[in-house]
Amino acid sequence: MYSKAALLLVLAQAFAAPVELEERQSCPKIHVFGARETTASPGYGSTARFVNDILSAYPGSTAEAISYPACGGQSSCGGDSYAQSVQAGVKAVQSQVSSFASRCPSTQLVYVGHSQGSQIGDDTLCGGGDPNNGVTNTAATIAQYNFKAIIWTGDPRFVPGESFHVGSATHGGFAARPAAITCGKYQGLIQSYCDSGDEYCSNGSNPNTHNQYQTEYGSAALAFVKSKLTA
């Protein structure tokens, strides 16, 4: 015969189980993080094409935009300097990814970033710090989570010769990652698109180059992501 305390414990466990099951069932199989470029309005910015392609390819998947200033000193985005924006972005990526992954550890994660949005993803995934922008923490702060695919376009941290580089660029970006920082276990899950005309991820002088990756590489990026996801 149950004691009063034992009976209360059994009842508590019975009521708790469905809640835990409901929480697990609410987690999607795939979740996408999208980080916009400098001066783009809050939301996905130029990553929207990639994010929407993935969501369309995998019904039931979810997405969220990284919430950070995406600024470079312009009044239109709040006046934060580029360095201040990068620092805030690094913190936002770490916070949003860790928050989601703690709730849904088995969900397959995808990160998509353009320009500054790529840089803050690069800083958090590959680590090594970003001293020119005041990021002194050298840890790869989101590398422990269940990322399956990463898409970067026009990444200022681009380094020529990387195994995951796609495009014609042969010169590094204005905030090029030190060659010793290799992005660890995620090298095979990254595609970093950078063409030679780009003045941000390379040393080009054609502003149109920086804004054409979505059109030029959209289909290839989706195919890459699909090759990495198991859902």
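This briefing describes the fold of one protein chain, from its overall make-up to its sheet and a helix packed on that sheet. The model is predicted. The protein has 231 residues, and 47% of them count as buried. Its secondary structure consists of 5 helices and 6 strands.

**Overall make-up**
- Along the sequence, helices and strands follow the pattern α-β-α-β-α-β-α-β-β-β-α.
- Among contacts in the protein with a separation of 6 or more, 70% are between residues 24 or more positions apart.
- The accessible surface amounts to about 10,700 Å². Carbon and sulfur atoms contribute 54% of that surface.

**The sheet**
- The 6 strands form an open sheet with parallel pairing. Their order across the sheet is 2-1-3-4-6-5.
- The edges are strand 2 (62–65) and strand 5 (165–166), each of which pairs on one side only.
- Strand 1 (residues 30–35) and strand 3 (residues 108–114) run parallel and are joined by 6 bridges.
- Within this pairing, H31 has L109 in strand 3 as its bridge partner.

**The helix across the sheet**
- Helix 5 covers residues 213–228 and lies across strand 3, strand 4 (147–153), strand 5 and strand 6 (190–193).
- The angle at which helix 5 runs to strand 4 is about 170°.
- Strand 5, one of the strands that helix 5 lies across, is also an edge strand of the sheet.
- Strand 3, likewise crossed by helix 5, is the strand to which strand 1 is joined by 6 bridges.

Note on methods: Residues are numbered from 1 along each chain as its sequence is written. This is a predicted model: local features need pLDDT of at least 70, side-chain atom pairs count only at pLDDT 80 or more; totals for chains, interfaces and linings use all residues. Side-chain values use heavy atoms; hydrogens and water are left out. Helices (H or I, at least four residues) and strands (E, at least two) are DSSP runs, numbered from the N terminus. Buried means under 20% relative accessible area, exposed over 50%, partly exposed in between (1.4 Å probe, protein chains only). Contact means heavy atoms within 4.5 Å. Accessible areas come from the Shrake-Rupley method with a 1.4 Å probe; for residues, only the protein chains shown count as cover. Two strands pair if DSSP finds at least two bridges between them. Axes are lines fitted to C-alpha atoms, for helices over the stretch in contact, and angles run from 0 to 180 degrees between N-to-C directions.
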